[in-house]
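Take a look at the sequence and the structure below. The paragraphs that follow walk through them step by step.

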Amino acid sequence: MRMNPFLKSLALLLAIYLLCPPFTWGQTDYRFQEDDLLKEMDKAAPAPPEQKGQEKVPQAPAKQPTVLSKLVDDFHGSLRLRGVHYWQNPPEREGADTRNDFGSALFKFSDKISYKNFALNVGGWVEYGNEENTYSGTSFNEFWQDMDRRRRILDVSDLYLNYSRDSFNFLVGKKTLTNGMSTLYLPSDRMRPQDLNDPMDVKDLNIWQARMDYDVAEATTLTAAFLPVYQPQKTPSETSRWMGEKKQGDSTEFDLYDAGNANMREDIPQGDANFGYFARFKKKGFHGWDLFASFYHGPNPFYVIREEQVPGPTPGSTQPQRIKEVVTVDDYAAGFSTTYESWEFHGEVVYNFSYDRKDDDYFNYVGGFTYTFDDFAKKLWLEKIEFTAEYANEIITRVQNAANFVSSSKKSRLGRNDILSRINFEYNNKLSFQFVCNFLVDQIDYGRFQRLEAKYKLRDGLISKLAGEFFGGQNDSTYGRWQKNDRIILEFEYSF
Amino acid sequence: MTKKTIIWVIGILFLFSASVVSAQMTGRQVMEKQKERHKVKTEIGNEDMMLVDKSGSKENRQVVRYAKEVGKDLHRYLVVFLSPGDIRGTALRTWEKKGGDNDQWLYLPAKKTEQRIAKAGKKNYFMGTDFTYEDMEPEDLDNFNYNILRSEQFNHEGKAYDCYVIEALPANDKKKQETGYAKRIMWIEKVNLTTLKTDFYDRREKHQKTQLNYKYETVSGSVMRPKQTIMNNLEKSHKTVTSTKSRQVNTNVSDSTFTDTFILSGKHLE
């Protein structure tokens with residue numbers, strides 16, 4: 001018998017509650033003498049090198065740092081060990097990976113070298129785990145455009161040169177390009193391809209760019225970027241439990257996770273069609289408001305389907321061939337964030353215009369708030385409770401209507417009549433809880449997702465996380481597809 | 001003594017006491033003088049920070065603080081955590097605003113975006129320290145009434161200091177609503193006008209925490225700063241100790257240091 005997700009959440013919360021007291025409340029009360037603490041601070045490490053661009057205060061001459069010592073000082077990273085257990089067997093699917101226990105190790109790194117106003121940054125990861133058809137290759141294959149569906153074992157996701165002056169920052173290389181001011185769902189954050197092999201534990205793939213951020217006035221920034229390489233999202237393998245149930249003969253509608261009918265190939269843009277152009281105006285702290293407006297022209301992050309007749313198995317016959325195609329769009333976006341008393345309000349809207357009607361034209365919007373409980377939290381012996389809720393939807397102004405195009409990106413798009421919420425309970429700087437609850441309220445797609453997480457800081461830089469994730473809804477909805485993927489996750493991450 | 005003589009004596013005493021009162025400063029004047037004496041155009045401080053909880057476990061952090069006066073009594077602040085690794089890059093930006101609520105933004109590296117912070121959130125402790133977001137904002141003297149409670153000798157670091165004991169109370173209903181404190185009591189040393197100790201009382205007037213400042217040193221002209229501070233949170237049995245490793249005042253700090261571009265481009269970690 002399946003246990004109700006809510007009861008599972010409560011059971012998990014109880015388990016965490018019982019687990020945590022030894023760490024938090026059961027220890028002896030040792031009161032430090034202030035003098036001892038001050039002496040301990042006196043013994044602290046010597047002062048770091050002075051900040052760039054500042055006058056030096058006269059002091060004993062310091063040893064000049066070498067390139068190597070700078071590289072060592074600026075080398076930072078983290079090691080994450082992660083174990084996942086699924087309660088149920090995966091959905092029925094040809095060739096499905098039927099195991100329920102998975103583990104992975106992820107090492108992230110970053111480093112940089114600076115000279116005057118230039119800084120060369122590099123960052124990436126090394127990861128491996130026992131998930132089938134998930135890991136392969138390194139950044140050295142397909143250096144500019146990663147066409148492999150699988151996650152790279154070694155990836156250099158950040159590689160960029162920064163040239164900065166007081167009024168501008170010029171960047172060339174590979175880095176994340178974020179957009180938007182919303183909190184949980186950002187409709188305008190579309191230049192951010194991700195690795196969705198585990199859709200609940202995504203990684204930014206980052207994009208090649210030449211970008212200028214120019215401060216035209218106080219807190220007013222103009223951004224212009226040229227994005228020369230389209231980077232497609234990565235999706236789970238056909239045998240992954242994230243692809244949902246698919247019995248023989250099933251005909252499902254195409255979406256981000258399902259190719260629908262077989263005989264599908266991808267058509268990734270080449271040459272000029274790869275190019276994207278981005279511009280943004282951003283003003284912060286304008287009478288208590290943060291505002292932005294942006295424009296993007298380039299490849300759409302969501303596929304559409306084109307159908308062609310190709311020669312069939314017998315002479316003279318033809319058969320349909322479906323092609324996942326990336327079409328060119330214009331995205332016009334605007335958004336805000338402001339605060340009033342205990343509330344933070346935010347909203348965003350993006351208008352997607354598709355050339356030659358190869359995809360739908362639509363508005364996608366989100367509105368929401370964050371409410372911070374303080375006095376009430378104290379009554380519950382908590383330091384902070386923060387509640388965020390958002391509603392997202394879209395309005396299609398013109399449906400797809402182009403010859404041979406048979407399916408729009410509609411089913412792949414997020415934020416279509418969705419409620420998203422998150423509540424953070426912070427007990428202290430070591431222990432916190434988070435509950436995430438998302439609903440797709442559309443009657444057809446009705447789906448839901450809940451995540452309950454406890455985070456405990458074991459020591460400086462070492463974090464442990466215990467989380468439960470629960471999915472429900474109709475088989476072909478985003479979350480309903482994963483209804484057999486309820487799972488418990490345990491993570492340890494050490495950062496340095 | 002004749003009746004006339006008594007009236008004369010009383011009259012002289014009255015005039016004398018009145019002249020003494022007029023020579024004394026009010027609480028507001030002490031605070032204004034303190035602000036004037038110790039204010040700087042810009043300031044950058046590299047600090048070690050240690051958090052000590054009631055079980056005795058300690059967490060060490062490295063912090064850089066930037067401050068700049070951009071208009072008359074109008075400041076911008078930036079606090080950046082350099083270590084430990086799990087919070088490296090976290091940054092809090094504050095823009096002081098006259099006649100309005102200050103703007104505050106928090107940058108969390110994992111999110112790669114900055115989030116505006118609501119006013120009520122300012123009563124909350126910042127990143128597990130014993131300083132609230134409110135404590136990290138500049139003190140607007142117009143928002144408080146300052147009363148000198150008494151003058152007394154205060155023993156601190158093995159010396160007795162002659163101090164004003166000043167009570168700070170929220171001056172208006174708006175401030176009363178948004179502040180986490182019913183009052184603060186400060187021990188301000190009379191010669192250099194440095195704050196040696198501050199007691200914070202929560203909204204129920206319960207003594208919540210005490211900040212002690214140690215090893216004041218001259219950083220520029222008449223400007224003094226403590227090298228070390230301890231915020232002792234009595235409510236949580238938790239302490240935050242800070243020790244300044246280096247400090248520069250009145251140096252060239254660009255306005256762009258206090259923008260989101262500075263943080264999003266990673267310059268706050270250079």
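Which residue of β13(B) is the bridge partner of B:Thr229? The partner is B:Thr242. This pair belongs to the antiparallel pairing of β12(B) with β13(B), which six bridges hold in register as the model draws it. The two strands form a hairpin. Four residues lie between them. In the turn, B:Ser237 has a positive phi of about 50 degrees.

β13(B) has another partner, β1(B). Ten bridges join these two strands, and they too run antiparallel. B:Asn46 marks one place in that ladder: its bridge partner in β13(B) is B:Ser246.

Before going further, consider how far to trust the coordinates. This is a predicted model. It scores ipTM 0.82 and pTM 0.84. Chain B averages a pLDDT of 87, and 90% of its residues score at least 70. One stretch of chain B stands apart: over residues 14-22, pLDDT stays under 50. For that stretch the model has zero contacts beyond four places in sequence. Where pLDDT is low, predicted coordinates should not be read in detail.

Now take chain B as a whole. It has 270 residues, of which 41% count as buried. Its secondary structure comprises four helices and 13 strands. The C-alpha trace spans about 85 × 45 × 40 Å along its principal axes. Among contacts in chain B with a separation of 6 or more, 43% link residues 24 or more positions apart.

What lies inside? Nonpolar side chains tend to be buried together in soluble globular proteins. The largest nonpolar core here has 35 residues. Those with the most contacts inside it are B:Val63, B:Tyr66, B:Leu78, B:Val79, B:Val80 and B:Ala91. Two chains feed this core: α3 (34-42) of chain A gives two or more residues, and so do β1, β2, β3 (74-83), β4 (91-95), β5 (103-108), β12 and α4 of chain B. β3(B) gives the most, with five residues.

B:Leu78 shows what such a position looks like. Leaving aside neighbours within four places in sequence, B:Leu78 is in contact with B:Tyr66, B:Ala91, B:Arg93, B:Thr257 and B:Phe258. B:Tyr66 and B:Ala91 are also on the list of core residues with the most contacts. A second, separate core has eleven residues, including B:Tyr146, B:Cys163, B:Ile166 and B:Ile188.

Next comes the contact between the chains. Chain B puts in 54 residues and chain A puts in 56 residues. On the chain B side, the elements that give two or more residues are β1 (42-52), β2 (58-71), β6 (113-116), β11 (207-220), β12 (223-233), β13 (238-249) and α4 (260-264). The hairpin strands β12(B) and β13(B) are thus among the elements that touch chain A. What is the make-up of this side, in nonpolar, polar and charged residues? It divides into 14 nonpolar, 24 polar and 16 charged.

Turn to chain A. It has 496 residues, and 32% of them count as buried. Five helices and 24 strands make up its secondary structure. Of its contacts with a separation of 6 or more, 60% come from residues 24 or more positions apart.

One sheet in chain A repays a closer look. It is open, has four strands and follows the order β10-β14-β13-β19, with mixed pairing. The edge strands are β10 (264-267) and β19 (405-407), each of which pairs on one side only. From one strand to the next, the twist averages 40 degrees.

Cross the sheet from the β10(A) edge. β10(A) pairs with β14 (residues 318-325) of chain A in the parallel sense, over four bridges. There, A:Arg265 has A:Ile323 as its bridge partner in β14(A). β14(A) and β13(A) come next: they pair in the antiparallel sense over eight bridges. A:Glu308 stands opposite A:Gln321 in β14(A). These two strands also form a hairpin, with six residues between them. A:Gly316 in the turn has a positive phi of about 85 degrees. At the far edge, β13 (residues 304-311) of chain A and β19(A) pair in the antiparallel sense over two bridges. A:Arg306 and A:Phe405 are bridge partners there.

Key
Residues are numbered from 1 along each chain as its sequence is written. Chains are lettered from A and ligands numbered from 1 in the order in which they are written. This is a predicted model: local features need pLDDT of at least 70, side-chain atom pairs count only at pLDDT 80 or more; totals for chains, interfaces and linings use all residues. pLDDT is the predictor's confidence in each residue, from 0 to 100. Two residues are in contact if their C-beta atoms, placed from the backbone, lie within 7 Å. Two strands pair if DSSP finds at least two bridges between them. Axes are lines fitted to C-alpha atoms, for helices over the stretch in contact, and angles run from 0 to 180 degrees between N-to-C directions. Ala, Val, Leu, Ile, Met, Phe, Trp, Tyr, Cys and Pro count as nonpolar, Asp, Glu, Lys and Arg as charged, and the others, Gly among them, as polar. A nonpolar core is a set of buried Ala, Val, Leu, Ile, Met, Phe, Trp, Tyr and Cys residues joined through C-beta atoms within 7 Å. A residue is buried if 20 or more other C-beta atoms lie within 10 Å of its own, exposed if 12 or fewer, and partly exposed in between; C-beta atoms are placed from the backbone.
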